[in-house]
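Trainee: Could you pick one part of this model and walk me through it closely? I'd like to know what sits around it and what is tucked away there.

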Amino acid sequence: MSTRERILAAAEELFAESGFEGTPTSRIAERAGVPKGLVHYYFRRKSDLLAALVERLPEERLDHGRVVVSGDVAESLRRLVAELNARLGASRLLSHLLWREADTHEAVREALQARFHRVVEQIRGVIIAASGDRVPRADVDSAAALLAQALSYRHSTARHAGDEPGEMERETAFIAGALELGAGRGAGAGR
């Protein structure tokens, strides 16, 4: 692992344990096993460490072909949620840390908001691809926002929650069922 990566890993652990404000760079250097000057060589300010950690979040974009089952919105959403949750699993500590620091760091808040909007777009695309565009656009938009909010909540509290398989199953099934019940009603409305 490079010196920069060791510093980032140490910062991630310590920020999660003690918070950003409660973690001096000297502790980061100690945990990383480097001189304090190297922390400032790679990251001029402590806030630069936080910005670098935001960039380490896993990419939430994925190929629709990997998750979409044509004609089956419920299964498509299950696959998407499973894929997004698997990506979260690789950065559970980082995700928790960034959600906590979003209240006091505008750059983190903006990065998480942009990420949320990308997830909404991802969900919207999966619903449209799976439903064959037979669900009114307003329903797709509402369903995508609701599922993204449920995922966002789960990801922000994941470090505290149990790792139950199918944790989002009820939410996913509810949203898919609501879309199926509403499919074709008011055709053209909101498209």
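Mentor: One word first: a contact, or a touch, means heavy atoms within 4.5 Å. With that in hand, look at Val39: leaving aside neighbours within four places in sequence, Val39 is in contact with Ile7, Thr25, Ile28, Ala29, Val34 and Leu49. Val39 sits in helix H3, and several of those partners take us to helix H2, so let's make H2 our part, since Thr25, Ile28 and Ala29 are among its buried residues.

Before we zoom in, some ground rules. This is a predicted model, where local features need pLDDT of at least 70 and side-chain atom pairs count only at pLDDT 80 or more, while totals for chains, interfaces and linings use all residues. Residues are numbered from 1 along each chain as its sequence is written, and side-chain values use heavy atoms, with hydrogens and water left out.

pLDDT is the predictor's confidence in each residue, on a scale from 0 to 100. The protein averages 84, with 85% of its residues at 70 or more. Among the elements, H2 (residues 25-32) has the highest mean, 96, and helix H6 (residues 92-101) the lowest, 73. Go easy on residues 187-191: pLDDT there is below 50, though beyond near neighbours in sequence this stretch has nine contacts in the model.

Now the overall make-up. Helices are DSSP runs of H or I with at least four residues, strands are runs of E with at least two, and both are numbered from the N terminus. By that count there are nine helices and zero strands. Buried means under 20% relative accessible area, exposed means over 50%, and partly exposed is in between (1.4 Å probe, protein chains only). Of the 191 residues, 42% count as buried. Long-range contacts matter to the count too: residues 24 or more positions apart make up 72% of the contacts with a separation of 6 or more.

On to H2 itself. Thr25, Ile28, Ala29 and Ala32 are its buried residues. They lie on the same side of H2, because they cover an arc of only 100 degrees around the axis, the arc being that of the directions from the helix axis to the C-beta atoms. An α-helix has 3.6 residues a turn, so residues three or four places apart point the same way. What covers the buried residues of H2? Helix H1 (3-18), helix H3 (36-42) and helix H4 (46-55) are included in that cover. Just past the end of H2, Gly33 takes a positive phi of about 75 degrees.

Step back to the loop between H1 and H2, and you meet Thr23. Thr23 is buried, at 0% relative accessibility. Not counting residues up to four places away in sequence, Thr23 touches Leu14, Phe15, Ser18, Ile28 and Lys46. Ile28 is one of the buried residues of H2. Lys46 turns up elsewhere as well: it lies over the face of Phe20, at 4.6 Å from the ring centre. The rule there is that NZ of Lys or CZ of Arg must be within 6 Å of the ring centre and within 35 degrees of the ring normal.

On the H3 side, Val39 is buried, with a relative accessible area of 1%. Its C-alpha is 6.7 Å from that of Ile7, a residue 32 places away along the chain. Farther along H3 come two tyrosines. Rings of Phe, Tyr and Trp (its six-membered ring) pair if their centres lie within 6.5 Å; planes under 30 degrees apart are stacked, over 60 edge-to-face, and the rest tilted. That gives two aromatic pairs. One of them is Tyr41 with Tyr42: the centres are 5.1 Å apart and the planes at 85 degrees, so the pair is edge-to-face. Tyr41 is exposed, at 62%, and Tyr42 is partly exposed, at 34%.

Last stop: Phe43, in the loop between H3 and H4. It counts as buried at 3% relative accessibility. Outside the four nearest places in sequence either way, Phe43 touches Arg4, Ile7, Leu8, Asp48, Leu49 and Ala52. Its C-alpha and that of Leu8 are separated by 9.7 Å, with their positions 35 residues apart along the chain. Ile7 and Leu49 are worth a click, as both are also contacts of Val39.
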